[in-house]
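Notebook open, viewer running. I wanted to see how the helices pack and what sits in the middle.

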Amino acid sequence: LPEICAGMFGEDQSEQLRQTERCRRMLSKEKNPPITDVIQAGLVPQLINFLTFEHMPKLQFEAAWALTNIASGTPDQTQEVVQAGALPYLTTLLSSPEEEVREQAIWAIGNIAGDGPQLR
């Protein structure tokens, strides 16, 4: 996780993409994904920041997918995504010219809404 953090917070955009993809893959594990570790490392705000990188749709896609996985966790983990301000950025991605980005934003929003009536 330290290498992922360093790359995601660094200035090199190709490294940001590479490490965001590693983060997403780590969160995609079927059993016990390290969602809490990613939250505690402070990566949720950076993932949300990457949703604004219109010049890098692959990074937007990977960041949205990682947020989708975090939002599929416990109610508290889903709340972390919401409280960090992800929803306005995810809804903006619904207008992305990239189909895979739009689809991933829908998945993330769906996971948030599916957490319960409070978040709908």
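Below are my entries on the core, one buried helix, two helix pairs and a glutamate.

**Ground rules.** This is a predicted model, where local features need pLDDT of at least 70, side-chain atom pairs count only at pLDDT 80 or more, and totals for chains, interfaces and linings use all residues. Residues are numbered from 1 along each chain as its sequence is written, and side-chain values use heavy atoms, with hydrogens and water left out.

**Core.** I looked up the largest nonpolar core (buried Ala, Val, Leu, Ile, Met, Phe, Trp, Tyr and Cys residues joined through side-chain atoms within 4.5 Å; buried is under 20% relative accessible area with a 1.4 Å probe, protein chains only). It has 32 residues, and Leu67, Ile70 and Leu90 have the most contacts inside it. Helix α5 gives the largest share, eight residues. Helices here are DSSP runs of H or I, at least four residues, numbered from the N terminus. I then clicked on Ile70: leaving out residues up to four places away in sequence, it touches Leu27, Ile35, Val38, Ile39, Val44, Leu47, Gln77, Thr78 and Val81 (contact is heavy atoms within 4.5 Å).

**Helix α4.** Six of the eight residues of α4 are buried, so the rest of the structure largely encloses this helix. I noted the six as Leu43, Val44, Gln46, Leu47, Ile48 and Phe50. They pack against α1, α2, α3, α5, α6 and α7.

**α1 on α4.** I get axes 11 Å apart and an angle of about 40 degrees (axes are lines fitted to C-alpha atoms over the stretch in contact, angles run from 0 to 180 degrees between N-to-C directions). That makes the pair oblique; under 35 degrees is roughly parallel, over 145 roughly antiparallel, 65 to 115 roughly perpendicular, and the rest oblique. Ile4, Cys5, Met8 and Phe9 of α1 meet Leu43, Gln46, Leu47 and Phe50 of α4.

**α5 on α8.** The axes of α5 (residues 57-71) and α8 (residues 99-113) come within 8 Å and cross at roughly 20 degrees. I therefore filed α5 and α8 as roughly parallel. Among the α5 residues that meet α8 are Phe61, Ala64, Trp65 and Thr68; the α8 side includes Val101, Gln104, Trp107 and Ala108.

**Glu62.** Is this glutamate of α5 buried or exposed? Glutamate 62 counts as buried, because its relative accessibility is 0%. I found that it touches Leu17, Thr20, Glu21 and Arg24, not counting residues up to four places away in sequence.

Terms used
Helices (H or I, at least four residues) and strands (E, at least two) are DSSP runs, numbered from the N terminus. Buried means under 20% relative accessible area, exposed over 50%, partly exposed in between (1.4 Å probe, protein chains only).
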